[in-house]
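Visitor: I am new to reading protein structures. Could you walk me through one, step by step?

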Amino acid sequence: MHYPWWHVPGLTAPMLIAVISVVHVLVSHYAVGGGFFLAIETGHAHRHNDRAYLDYLKGHATFFVLLTVVFGAITGVGIWWTIGLASPLATETLIRTFVFGWAMEWVAFVVELTAAFIFYYYWNKLSPPLHTRIGWIYAWAAWISLVLITAITAFMLDPGDWSPAHNSFWVALLNPQCIPQIVARTGGALLLTSLYVYFHSSLFVREQRLRDLIQKRSSRPALLGAVLILAGGVGWFYFLPESAWAVLQAAAAINLLMMLIFALTILVLVLVYLGPYRNPGWLTPGFAAALLALGIAAFASGEFIRESVRKPYIIYNVVFGNQILTGEVSQLRRDGYLEGGAWTKPYVAAKYPGVMTAGRIDPQKLLELPPTDRIHLGEVLFQYHCNDCHAAARGYSALGPQLLGRPRDMILGTVEHLEVAHFFMPPWAGTPQEAEILTDYLVSIRPPRPAGMQPLGSAKETP
Amino acid sequence: MDPQLFFRLHDAAGVPAPFWFVELFKVLGFTLHMVPMNLFYAGTLVAMLLGLAHAPQGRRFSARLMSQTPVIVALGVNFGIVPLLFMQVAYNKAFYPATILMAWFWMGVIALLIPAYYGIYVYAFGLRGKTPLAGWRRGVGWLSAILFVAIGFVFANALSLMTRVGQWPQLLEDHGSAGAALGTALNTSDPTFWPRWLLMFGLALGTTAVWMLVDAAWLAGKESDDYRCWAKQFATRLYVLSFAWTAAAGTWYVFGTWRQDVFKSMFSWPALPLTGLTAAAPGLLLAFLVWRRKEPLLDRRQTAWLGLAQFGVLAVNAISRQVVQNLELGPYLNVATQPTAVQWSPLLAFLALLVVGLGVVAWMVLQVVKAERGIRPS
């Protein structure tokens, strides 16, 4: 509404954020946990003068740098790109609140990057204690990045006592979800790193002693990580806003994913305990790949849930999913959604000057337009009010199939009372006349009732 | 469509930093970003071309720069975060619409950067071996160099489109669906776009030339004097090319494409000295290089000053660009008068952390320097 809407056919623009975010977190958590792994294990190998282990760690560091410094860093920038494109109002709000949080994270990133390159390129050129110290600098800098970013994403789920009027950075940063999510993500970083290490070492280490050593040593952070995930997860659950609780209970898919994430985490914990910890010999490349796949599935589920439970908000009680500030709804209902939009008003004024009265869109005149124009403006409303979460006729959460079989009046009633029909939907933010023309459009994309269905008994009895 | 309407809604919260602070970090960040970015934007292309050279020194420089490029790209990406962050703080109303109108191309930066960056590693790892570089690795190197130029093309599009507000309605009309953007627009019809893109490439050639001198004096201790002499001569010629290129593109940009009001402002007080300095700065550096052209080598002190001078060239260019950007946006958005709600304690916390962070970086670099010199590090 404040910005032009980016129409991504079939998928919806915010789904691009989800795709890039999930791919990114699978690497960024490894970037954090891997820092601790390399610092601790390099120190251990130096202390025991274990040349074979140091050689392995050098190889692992190459894999680590190539994955995290290139793919991890660029997909991190990719998240910036996509949130600005698909959620500009929420991004603007977050940046106005957390610019110095991100600036601090950038400082951590500078330290991280310098340490990573020195640690990698000066392998064997620095004294062992100094080399290990550089590894620790990397690890803590990366963890500070995790803390800051997690606090910001946690804010989106529950800003706590923060208000846009006061815009207190510290209140926003220390939100109720901050600690539980930091604990869970720290655990996730440790666990996921061990799974990467298992997979990498199962492929590249031939010597049995070394394999056993790597797997045994990596199982402790994995077990600690699993415990932290569960502890953080319980905290996350406990501090959820009431509406997020309700979303969890109401949506079957989220319910299922919630069960899945706990089940997968516990399964990984058990397998790590029975496998690498108790019986390191079990860890074949196949077993390691399965463990990594289970871990990735748990992570992806967790990210999906984290995004879903915020509905209908992008920032809880501040920005709705469809890029409207919560405080704007009443005015939009009074003046009109098309009139209130920074991009919809000039569009309507240029295309349909006949609906303008004294420089404003006259809602009543919208109903006087020919049916094709009403449908077209209904589509404009759909783009700006609905397309954040719904594709049109086909695609992600498409509205067409969901309206199948519904009569026009029922669709109109749903549009006018969106938040009543589904409590996790944003409220209708337009005039009654705009609801009419949006309904015209929705009816135009509604597929016909499937042939052969007899909802009220036999075909003969149906009027 | 009336473009003024795009700017009429209030932001959710005030700008959390003073105007001068936003501008300072935006310009400083952009200048810092330009140094490494110039090296992978034009530098990789120069290096790939020199990789084909008959002169062994040319191939040597090619290998040197391509080996350094993985770190250079990382720094470029990292420093790019700062201007991007502060641009979104105060220029959100111009930046988001411009990038949304060309969303798929803007997303393309990420899609192009990942293979370009991996390609650089593939090439650099190939240089570590004792055998000649495999043909496929050369191919990957060329691909990376071309992708970097393509990324520059997209950036020039986005940043020029940011200020071309009057054209937004037409682009939305041509590349839209029911009032929403399809993200397929480009700003190539903007007369300022092409000279801007070329201007940055010219500056990048100059930075590459200066880097060649700095590298030869400071980092190429194991190279022969013959190499260093060649580097000095080649860098001088490259800087001449950069100067000619920048002068041509800059003249086209300023005299051929600037809006009248922008032109008038930039050529009158108080912006006039800045405009003059921006135009003259590369010439001063060129004059020094021409003056010392007979000398076979430049010493470390001279190259350090040259490095700083090129940083200055980029900095005045960045300041001028910022002033021009504000003038171009002026009819729609006055960034300086936006409501502010300054977050002083986070601002100070950031500055404190920046000092600590730079201290840690300096300490680490010092340890590396000691290690390089063979001194047992502490």
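Here are some questions and answers about this structure.

Visitor: What should I know before we start?
Guide: This is a predicted model, in which local features need pLDDT of at least 70 and side-chain atom pairs count only at pLDDT 80 or more, while totals for chains, interfaces and linings use all residues. Residues are numbered from 1 along each chain as its sequence is written, chains are lettered from A and ligands numbered from 1 in the order in which they are written, and side-chain values use heavy atoms, with hydrogens and water left out.

Visitor: How many helices and strands does chain B have?
Guide: Helices (H or I, at least four residues) and strands (E, at least two) are DSSP runs, numbered from the N terminus. By that rule, the secondary structure of chain B comes to 13 helices and two strands.

Visitor: Why is chain B called as compact as a globular protein of its length?
Guide: We compare the radius of gyration, taken over C-alpha atoms, with the globule rule, 2.2 Å times the number of residues to the power 0.38. For 378 residues the rule gives 21 Å, and chain B is called as compact as such a globular protein because its own radius is close to that, at 22 Å.

Visitor: What percentage of the residues of chain B count as buried?
Guide: Buried means under 20% relative accessible area, exposed over 50%, and partly exposed in between (1.4 Å probe, protein chains only). Of the 378 residues in chain B, the buried share is 57%.

Visitor: In the salt bridge between Arg209(A) and Asp50(A), how far apart are the N and O atoms?
Guide: A salt bridge is a side-chain nitrogen of Lys or Arg within 4 Å of a carboxyl oxygen of Asp or Glu. For Arg209(A) and Asp50(A), the N to O distance is 3.2 Å. This pair links distant parts of the chain, with Arg209(A) in helix H7 and Asp50(A) in the loop between helix H1 and helix H2 of chain A, 159 residues apart. So the distance asked for is 3.2 Å.

Visitor: Is Asp50(A) buried or exposed?
Guide: Its partner Arg209(A) is partly exposed, with a relative accessible area of 41%. Asp50(A) has 12% relative accessibility, so Asp50(A) counts as buried.

Visitor: Which residue forms a salt bridge with Asp190(B)?
Guide: The closest N and O atoms of this pair are 3.9 Å apart. Asp190(B) is buried at 5% relative accessibility, and its partner is buried at 17%. The partner lies in the loop between helix H6 and helix H7 of chain B, 26 residues from Asp190(B). That partner is Arg164(B).

Visitor: Which residues does Val25(A) touch, not counting residues up to four places away in sequence?
Guide: Val25(A) sits in helix H1 of chain A and is buried, with a relative accessible area of 9%. Contact means heavy atoms within 4.5 Å. Two of its contacts, Arg185(A) and Glu303(A), also belong to a network of salt bridges. The full list is Arg185(A), Leu192(A), Phe299(A) and Glu303(A).

Visitor: Which side chain of opposite charge is nearest to Glu328(B)?
Guide: Glu328(B) lies in helix H12 of chain B. For charges, Lys and Arg count as positive and Asp and Glu as negative; His and the chain ends are not counted. Glu328(B) is buried yet has no salt bridge, and the nearest side chain of opposite charge is 4.5 Å away. That side chain belongs to Arg196(B).
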